[in-house]
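The paragraphs below walk through a structure, going from one whole chain down to single residues. Please keep the model open while reading.

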Amino acid sequence: MLGYELKKLLFKQYGLILALLFVLIEIITLNFLYSKINFPNMLTKEQYIKYMQIMSGEITEEKKEFILSEQKKILTAQSEFKSLQEKIISGELAYDEYLSKYVMLEPELKKADAFLMASNRFKYAYGDPNRRYIMEKCDGFCRDYPDIPIILFIVSITTVCFLSEENTHMIVLIRSYINGKKKTFVAKLLALMFTIVTMVFIIAIIELIMIYREIGVEAFMYPIQSIEYFSGCKYDMTIFQVFSAIILLRTIGYFFIMFLTIFLCVIVKKPVPVMTIPFAVCLLQQFIFSTADKAYYIPTGFLRASGYFKGDTYNYNTSELVFSAIPTYVLFLMALLIVIIISFVIIIGDKYYNGKNKI
Amino acid sequence: MAIVFGFLNVYKINENYRITSRFADESSKGIKNAYYQIHNEILSGKITDEKINFVINKYNDLFNEIKNGDFSTEYDESRLTGYVYGDYSLFKSCFIAELEYAITYTNFSEEISHKAYENIEFFIKHGNNSDAIKNQYIYNLYKDRHINYYNPTDWVELYFNYDFSSLLIIVMIICGLSNSFPAEGESGMLKLILANGKARQIAGIKLANAILFILLLTAFFTIINLITINTLCKIDGLLNPVYSAGIFKISPFNFSLLSAIIICEIAKILGYVFIAELIILISALLRNTIAAICSAFALCIGLIIGASFYTNIFANPINMLTGYNLIANFDCIIIFGNAIHTIYFAMAVYILAIVMLTFVIKIIFVYFRGR
């Protein structure tokens with residue numbers, strides 16, 4: 001039965017084409033989110049990469065000394081360059097002499113931009129050297145909003161899966177057979193869950209590749225606090241562990257949206273509210289709360305998920321608390337709430353397939 | 001749905017007020033009451049020497065009291081806010097600052113018009129007519145500006161910076177209109193409509209209904225916004241010029257705050273109608289309700305995300321829904337040697353686009369779907 005439902009969902013109802021389309025959209029979106037740092041020129045880029053190759057990882061005495069010695073070299077070169085400029089303006093220095101001295105200073109001067117960028121990474125990690133390692137920024141990973149394309153996909157295929165039989169009156173036939181009554185609902189649920197999990201897995205792999213491209217493979221094992229967005233995280237977890245946890249939580253969130261859509265399908269039975277309500281819920285939760293932490297106290301918080309690992313965050317200028325850490329019990333309470341909602345929808349859905357036909 | 005969204009809207013306005021207002025926290029309640037009491041009893045209305053002297057004298061008395069250092073920190077019923085320092089900060093940061101803004105505004109605008117006048121001469125001398133016209137326009141806009149009336153303007157920031165109701169309206173537009181054409185096909189009504197030969201009229205009626213629906217929604221949410229904001233901070237001085245509010249200090253417009261509200265709402269209606277017609281166009285092209293709704297949401301989310309990257313009002317209809325940007329920023333276009341505000345030109349462009357889209361939708365429905 002599962003095989004038939006899966007085949008119907010993916011091939012007859014164009015689920016596979018839709019999935020491929022949304023995977024393509026995800027690749028484009030993720031590529032945009034994980035875009036590389038913009039460097040002012042190639043020289044700065046090369047130098048920055050050199051610095052990061054030396055400095056990446058845990059802060060050590062050698063790295064501290066390296067940063068200080070580089071800073072000293074660059075500052076000395078900048079100060080000598082300034083005095084050279086003053087001298088040439090005042091006429092104390094001939095142009096040839098100026099050029100010969102400038103050529104000697106040039107390599108250090110050209111490092112300045114790259115050093116500033118690399119030293120900023122060092123400064124951040126130095127704020128809490130036990131829990132922060134030096135690494136590239138990873139802004140795409142810190143997104144605090146739901147993945148809209150996948151939500152569009154889930155709502156669409158769930159609506160197609162559960163509403164097409166109501167619209168074509170196939171539900172009358174399904175209810176007339178023992179197999180239809182007992183197995184259809186479970187088969188549909190499993191087919192949908194399999195499709196969603198596969199989709200999430202494929203997108204997670206794509207995202208992992210994007211993260212790897214940005215921070216490298218070693219950084220996956222760095223503490224999560226190494227990323228500025230998670231600086232206040234209270235859990236001792238690595239970047240890879242948090243990534244996996246976020247994917248898991250988002251999958252639970254997607255199941256919540258799937259079951260919400262199923263609930264509307266069997267209760268309302270009209271495509272407009274069935275599709276609009278889940279979309280509206282996902283969209284409005286993003287804008288209705290003035291501070292993002294509040295959004296994590298409702299089940300749709302699982303669609304964002306990253307905030308559960310964020311920790312207290314303060315405004316850099318005003319020292320005002322802008323994000324209050326979500327207690328661990330809230331995470332479990334929300335998960336429990338989602339389980340209760342899902343159980344409730346399963347009972348309602350089962351009743352719908354087992355119900356009597358209205359003549 | 002409108003009722004649920006209405007409640008959400010009220011909640012969001014309250015949230016915005018709590019975050020942005022200077023009187024939002026519990027400790028400022030006394031200052032807020034005193035502020036509006038003084039306004040109602042003494043200060044609101046035309047700025048006169050008596051009112052200015054009242055504020056200055058009161059401020060000086062409080063300043064001297066604070067300076068002497070022998071004031072009581074206990075609650076005192078005779079004080080406006082209950083405390084000497086509360087009264088002092090009320091006069092210093094509210095009345096003095098606001099009256100100073102109103103009185104000195106003429107100097108500020110004169111400075112802009114004077115610089116524009118100098119620029120006109122410079123650009124004419126160098127044969128740059130386009131910038132000369134632009135500066136002539138700036139000169140005309142900013143000369144002879146005066147703020148003669150003093151009213152509380154806290155509501156202005158809250159009203160014009162509030163965009164959440166636009167999102168609610170867009171969701172309702174999707175809900176109401178994305179199914180308008182596929183539903184006819186799915187229910188078999190399309191065959192009847194086409195057989196009757198009235199497809200063009202039906203398409204026209206659907207579009208007219210869409211516009212009426214948008215007008216009703218806009219009116220509903222505007223009324224809710226104004227009522228809620230009025231309960232939080234009194235709406236006053238509607239006939240004062242827009243630049244009487246600090247957030248519109250450099251606004252190029254000389255019309256009243258009431259006119260600004262009307263123009264913003266007209267711009268919003270045009271934005272909504274344009275988005276609605278795009279949604280209807282999609283629904284006319286697609287025969288499946290689910291595909292139409294999904295596409296409508298994808299389109300609107302794309303436009304919303306796009307608006308954060310491109311703020312040009314011609315590039316994205318979502319930019320027509322942001323009241324503050326429409327009124328606050330100076331932006332003009334030179335057409336046939338005359339400078340006109342971009343917002344007016346954008347309104348004309350959107351009207352044209354709406355008319356064109358109407359024809360396209362009718363053609364698609366009558367000919368494309370008819371086959």
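**From chain B to single residues**

In chain B, 49% of the 371 residues are buried. The model is a predicted one. Chain B contains 14 helices and four strands, and its C-alpha trace spans about 90 × 60 × 30 Å along the principal axes. Of the contacts in chain B with a separation of 6 or more, 76% are between residues 24 or more positions apart.

The surface and charges of chain B come next. About 18000 Å² of chain B is exposed, and carbon and sulfur atoms supply 60% of this area. Chain B carries 27 positive and 30 negative charges, and the mean positions of the two sets are 14 Å apart.

In chain A, a pair of helices can be followed. Helix H2 of chain A covers residues 15–33, helix H7 of chain A covers residues 148–167, and the two pack at an angle of about 170° with their axes 9 Å apart. Angles over 145 degrees count as roughly antiparallel, and H2(A) and H7(A) are therefore roughly antiparallel to each other. On the H2(A) side, the residues that meet H7(A) are A:Gly15, A:Leu18, A:Ala19, A:Phe22, A:Ile25 and A:Glu26. Their counterparts in H7(A) are A:Pro149, A:Ile150, A:Leu152, A:Phe153, A:Ser156 and A:Ile157.

Which residues of chain B does A:Thr276 touch? Leaving out residues up to four places away in sequence, A:Thr276 touches B:Met1, B:Val171, B:Cys175, B:Ile293 and B:Phe297. A:Thr276 belongs to helix H11 of chain A, which runs over residues 271–288. With a relative accessible area of 0%, A:Thr276 is buried; the cut-off for buried is under 20%. A:Thr261 lies 15 residues from A:Thr276 along the chain, and the C-alpha atoms of the two are separated by 9.6 Å.

One of the partners of A:Thr276 is B:Val171, and this contact can also be read from the chain B side. B:Val171 sits in helix H7 of chain B, residues 164–177, and is buried at a relative accessible area of 0%. Neighbours within four places in sequence aside, B:Val171 is in contact with A:Thr276, A:Ala280 and A:Leu283 from chain A, and with B:Met1 and B:Phe5 from chain B. B:Met1 is thus listed for B:Val171 and also for A:Thr276. The C-alpha atoms of B:Val171 and B:Ile223, 52 residues apart along the chain, are separated by 18 Å.

B:Val171 also serves as a reference point for B:Cys300. These two residues are 129 positions apart along the chain, and their C-alpha atoms are separated by 8.8 Å. B:Cys300 is in helix H12 of chain B, residues 289–307. Its relative accessible area is 3%, and B:Cys300 is buried. Apart from neighbours within four places in sequence, B:Cys300 is in contact with four isoleucines: B:Ile170, B:Ile174, B:Ile275 and B:Ile279.

Another buried residue of chain B is B:Asn9, with a relative accessible area of 0%. B:Asn9 is part of helix H1 of chain B, residues 2–20. Residues up to four places away in sequence not counted, B:Asn9 touches B:Tyr162, B:Phe164, B:Ser165, B:Leu168, B:Phe221, B:Ile224 and B:Asn225.

Two loop residues remain, and their backbone angles deserve a look. Most residues other than glycine have a negative phi. In A:Lys269, phi is near 65°, a positive value in a residue other than glycine. A:Lys269 is in the loop between helix H10 (239–267) and H11 of chain A. Is A:Lys269 buried or exposed? At 27% relative accessibility, A:Lys269 counts as partly exposed, a class that lies between the cut-offs of 20% and 50%.

In B:Asp144, phi is near 55°, also a positive value in a residue other than glycine. The loop that holds B:Asp144 is between helix H5 (129–142) and strand S2 (149–150) of chain B. With a relative accessible area of 56%, B:Asp144 is exposed.

Notes. Residues are numbered from 1 along each chain as its sequence is written. Chains are lettered from A and ligands numbered from 1 in the order in which they are written. This is a predicted model: local features need pLDDT of at least 70, side-chain atom pairs count only at pLDDT 80 or more; totals for chains, interfaces and linings use all residues. Side-chain values use heavy atoms; hydrogens and water are left out. Buried means under 20% relative accessible area, exposed over 50%, partly exposed in between (1.4 Å probe, protein chains only). Contact means heavy atoms within 4.5 Å. Accessible areas come from the Shrake-Rupley method with a 1.4 Å probe; for residues, only the protein chains shown count as cover. Lys and Arg count as positive and Asp and Glu as negative; His and the chain ends are not counted. The place of a charge is taken as NZ of Lys, CZ of Arg, CG of Asp or CD of Glu. Axes are lines fitted to C-alpha atoms, for helices over the stretch in contact, and angles run from 0 to 180 degrees between N-to-C directions. Angles under 35 degrees count as roughly parallel, over 145 as roughly antiparallel, 65 to 115 as roughly perpendicular and the rest as oblique.
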